[in-house]
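Me: I am new to this structure and would be grateful for a close look at its aromatic side chains. Please continue from there to the other side-chain features that have been computed.

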Amino acid sequence: MSTLQQRLWAPYSPLLLAPFRQRRHTGELWIWLGLLLLVLLLALGLGIAQGWGAARLTLGIATLPALLILWCIGFSSLRQQNHPNAARLVPQHLERLRRCAVGLLLGLTLLVTALFSPFTGAPLLWALGTAASLVLFAMCIRWWWLWLVLSIVPSFGFWPPLNAIFVLFWSGMKQWYTTQAWSLAGLAVLVLPWVLAQLLQNGGPSHRSSYRRLEQLRQVLNPQRSATMAGNQGTLGRFLARLFTWPAPLWQAHLLKHAKPSARSALARAELLTLGGLHWTAITGALSLLLLALALIALWMQLRYQPDWSEMGRNGNFGLQIGLVCSALNPLLGLAATLYRSRREQALLMLLPGMPRGLALNRMMAQRLLMQYVLQWSLALGLVAAISALGGDALYSHLGLYALLGLLPMGSLLLRDWSRQGSPKASSMALLIVSGLLSSGLVFGLAALGMPIAALSTASGLITLGLLRWRWQRYVIKSPSFMPVGRWA
């Protein structure tokens, strides 16, 4: 290694490569390679079918979010390495972290500018927009509540004060770029790297406090931690948890009042702890608050603006349906982590009088999980059908229906040998998401080729029944007792 390489790469390579080395044995890298292969195949197919302009557009659309995800992974890793003790006690540790962040910012900005400006022009605009966006995402990683502000406040753009401030700021930046673009670029070169560097702290009291909150959040999301570690949630987290799960105490009081030494009563009490946020009481509470908030917003808009709801519904078909589809799939994505997190409590719950064991436990647990999945899927189907009735393009207005038909067979994945369920990995969740996208895309493609909805529904139902029958025989009847989850992993 040359002297220049030792100075420019050797001191910083362990910091920059840390997130990839951490994921080397988790399978996540294979998922990313699989997604890259799918994008390349899609671009190749579009290039052959519709011309290479469509292929280039597809690759361009896929490149931007990929680079953004790479930035978020890299900066999150740098922030995690920014430990308060290391920032104060390890020589040049903080300086190297800041140089890595700024270097990554400059590298990705130059890469995006080089890739997209030759086709669209305005390289300076691409560079300014990319750098500002990356710093904004870094700030959202540093202060999680900014995600909420940026996602909620724009929906109130019709509120005159907010709309006026945004319009004034945006027009001022456009005027500045039009008249004195290079002065704006010079200010961005000075300000954006400095702001990014300050997001990595120097070990003071505020740094210790923010790092402690970050660790608490990490512990809450860690599937290895116990389900009863409520101390990591903080005051706000505990308040929101009680608010969004308001039916849970009522249901718990009912179960305790009518408790019996029977299998049904014991398992119903155990589910309150083992399922946690995926219990039907938590889902019902969150859904009721969401619907109440939407109803109040709709009432306020109706009284003040009297909008054309049918037109708004047709224009928002795609986004609304995708949100409902995700809500139907979400329990399947989080179930493994939730059950694995509560495995220690499950060992104690097995001592409840009347608690079923062996095949009886497997049957009752599988029936309850499948029933909840079918009910949530049916609720999403009903809401998607109501939205589709508002009108729109015949093919795209049924997009949510096609996605739900593709996701229905995935409910059979709830039937597995839970006694051998290991610690969930991010690659497993990514694989589920990719499988859902592929199955939904397959149904949509068949519909685009002219296959009627009745035939698609019948095929989805038959495939689901076949998978359920096969997995029931293999994983419910022939598996050891499901709880405690993961004891044979």
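Reply: The account below begins with the aromatic pairs and then turns to a charge over a ring, a surface patch and the cysteines.

The model is predicted, so local features need pLDDT of at least 70 and side-chain atom pairs count only at pLDDT 80 or more, while totals for chains, interfaces and linings use all residues. Residues are numbered from 1 along each chain as its sequence is written, and side-chain values use heavy atoms, with hydrogens and water left out.

A search of the whole structure finds four aromatic pairs; rings of Phe, Tyr and Trp (its six-membered ring) pair if their centres lie within 6.5 Å, and planes under 30 degrees apart count as stacked, over 60 as edge-to-face and the rest as tilted. One of these is stacked, because the rings of Phe116 and Trp126 have centres 5.1 Å apart and planes at 20°. Phe116 belongs to helix H6 (residues 93-120) and Trp126 to helix H7 (residues 123-142), ten residues apart; helices are DSSP runs (H or I, at least four residues), numbered from the N terminus. Phe116 counts as buried at 14% relative accessibility, whereas Trp126, at 23%, counts as partly exposed. Here buried means under 20% relative accessible area, exposed over 50% and partly exposed in between, with a 1.4 Å probe and protein chains only.

Trp251 and Trp280 form an edge-to-face pair, 5.1 Å from centre to centre with 70° between the planes. Trp251 lies in helix H13 (residues 247-257) and Trp280 in helix H15 (residues 280-304), so this pair ties together parts that are 29 residues apart in sequence. Trp251 is partly exposed at 25%, and Trp280 is partly exposed at 36%.

A ring also takes part in another contact: the charged end of Arg343 sits over the ring of Tyr340, 4.1 Å from its centre. The criterion is that NZ of Lys or CZ of Arg is within 6 Å of the ring centre and within 35 degrees of the ring normal.

Turning to the cysteines, a search of the whole structure finds zero disulfides, a disulfide being a pair of cysteine sulfur atoms within 2.5 Å. Cys140 is in no disulfide, and the nearest cysteine sulfur, that of Cys72, is 8.8 Å away. Cys140 is buried, with a relative accessible area of 3%, and Cys100 is buried, with 4%.

On the surface, Leu37, Leu38, Leu41, Leu44, Ile48 and Leu438 form a nonpolar patch with about 580 Å² of accessible area together. Such patches are made of residues with over 30% relative accessible area and no salt bridge, nonpolar side chains (Val, Leu, Ile, Met, Phe, Trp, Tyr) being joined within 5 Å and like charges within 9 Å. A salt bridge is a side-chain nitrogen of Lys or Arg within 4 Å of a carboxyl oxygen of Asp or Glu, and accessible areas come from the Shrake-Rupley method with a 1.4 Å probe. Helix H3 (residues 28-50) gives the most to the patch, with five residues, while Leu438 is found in helix H21 (residues 426-448).

Technical notes. Helix = DSSP H or I, 4+ residues; strand = E, 2+ residues; numbered from the N terminus.
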